[in-house]
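Welcome! Take a look at the model below, and then let us work through some exercises together.

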Amino acid sequence: MFFASDNWAGAHPLIAESLAREASGYASAYGTSDLDRRIEAQFNEIFEREVAVFFVGTGTAANSLALASVARAGGVTFCHFDAHVNADEGGAPEYLTHASRLYPVEGENGKLDPAALKTAASRFDVPSVHQGRPMAVTMTQATEAGTIYTLDEIAEIGIIARSRRLPLHMDGARFANALVALDCTPAEMTWKRGVDILSFGATKNGCWCAEAIVFFNPDMAEEMPYIRKRSAQLFSKTRFVSAQLEAYLKDNLWLDLARHANAMAERLRLGLAASNRARLAWETQSNEVFAVVPRERARAAEAKGAKFYEWLAPRENPHLAGEDEMLIRLVTSFASTSEDVDRFLELL
């Protein structure tokens with residue numbers, strides 16, 4: 001009953017096999033091997049256009065370096081209050097962008113509110129060296145609240161960003177989970193809706209350590225080779241990232257793994273909705289579920305081996321859980337089983 005995070009899950013067997021195959025033999029280093037080039041070209045097919053791809057080791061690196069590529073002196077990036085870049089990356093985005101700032105914006109259930117974004121951006125309409133200047137907008141798909149931007153919602157944020165000549169970055173740590181939930185193509189969820197740069201996450205969805213920064217206009221990536229090297233994210237044996245992605249992308253394994261994780265989350269949602277002891281905190285569409293449960297039942301489940309995190313109530317609803325209740329986050333993965341879900345629900 002491991003629902004603490006999809007990061008707790010291991011690597012899918014096919015991905016482990018791909019790594020093992022690549023472990024023997026020789027290949028040119030620093031992203032120049034035939035395998036590296038082949039996987040980079042595959043991203044062109046996935047996104048239906050020529051893209052520039054840079055492999056890195058962590059989601060924090062992907063997000064931070066993506067923003068570093070568009071950094072400006074005095075720069076400000078607009079993000080949601082609960083965005084991973086703002087709440088969970090230890091200042092790495094600010095550090096790696098040479099002290100640019102994150103400007104948190106309100107929005108219910110993890111989503112940027114377009115009106116709030118416009119208001120925040122308008123504060124910089126009059127140029128001032130004292131307050132800095134906007135440099136980017138970043139959004140998370142799926143969000144940290146387990147919700148998913150619709151295609152129209154992405155497009156609306158994209159229009160706001162373009163109207164102010166700001167690049168739009170998408171944190172796609174759970175990109176595949178959002179994609180299969182919307183049942184659309186990668187192109188439809190990104191550049192066709194105004195996204196300029198994507199952090200393509202694979203680690204949470206069955207890889208060992210594989211993330212990529214994708215530029216939908218390769219001309220925007222001119223500085224990235226140097227930024228990646230300077231930040232110690234150019235792996236000498238990059239082929240081991242590519243080996244993971246080779247298996248991950250082959251025969252749409254990545255989409256199948258995300259569908260399974262989402263299905264397990266839906267099983268959790270249905271069980272919690274039918275419970276007379278627990279309730280869903282809000283509706284989610286990805287592989288994250290948030291529930292309000294009696295504190296004593298949550299502790300009893302933990303004692304039986306269940307793993308999950310107690311969660312802070314959202315800013316817009318600070319009193320979501322009662323005095324004897326607990327707000328918890330449950331995250332399913334490619335490795336979650338229906339038996340684990342059902343046993344957890346029974347314990348609650």
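## Exercise 1: Buried residues and overall form

Of the 348 residues in the protein chain, 53% count as buried, where buried means under 20% relative accessible area, exposed means over 50% and partly exposed lies in between, with a 1.4 Å probe and protein chains only. Before going on, note that this is a predicted model, in which local features need pLDDT of at least 70 and side-chain atom pairs count only at pLDDT 80 or more, while totals for chains, interfaces and linings use all residues. Residues are numbered from 1 along each chain as its sequence is written, and side-chain values use heavy atoms, leaving out hydrogens and water.

Task: find out why the radius of gyration of the protein chain agrees with that of a compact globule.

Solution:
- Step one is the rule: 2.2 Å times the number of residues to the power 0.38, with the radius taken over C-alpha atoms.
- Step two is the comparison: a compact globule of 348 residues would have a radius of gyration near 20 Å, and the protein chain has 20 Å, so the two agree.
- Step three adds the box, which is roughly 60 × 55 × 30 Å along the principal axes for the C-alpha atoms.

## Exercise 2: The nonpolar cores

Task: work out which helix gives the most to the largest nonpolar core.

Solution:
- Start with the term: a nonpolar core is a set of buried Ala, Val, Leu, Ile, Met, Phe, Trp, Tyr and Cys residues joined through side-chain atoms within 4.5 Å.
- The largest such core has 60 residues, and those with the most contacts inside it include Phe43, Phe200 and Leu245.
- Helix α10 (residues 239-249) gives the most, with six residues; helices here are DSSP runs of H or I with at least four residues, numbered from the N terminus.
- Now look at Phe43: among the residues it touches, beyond four places in sequence, are Val51, Phe200, Leu245 and Leu249. Contact means heavy atoms within 4.5 Å.
- A second, separate core of 22 residues includes Phe54, Ala61, Val85 and Ile213.

## Exercise 3: Two residues in helices

Task: decide whether Ser18 is buried or exposed, and then place Arg38.

Solution:
- Ser18 lies in helix α1 (residues 13-22).
- Ser18 has 2% relative accessibility and therefore counts as buried.
- Leaving aside neighbours within four places in sequence, Ser18 is in contact with Ala243, Glu246 and Ala247.
- Arg38 belongs to helix α2 (residues 34-47).
- With 45% relative accessibility, Arg38 counts as partly exposed.
- Finally, Arg38 and Asn276 are 53 Å apart in space, C-alpha to C-alpha, and 238 residues apart in sequence.

Terms used
Helices (H or I, at least four residues) and strands (E, at least two) are DSSP runs, numbered from the N terminus.
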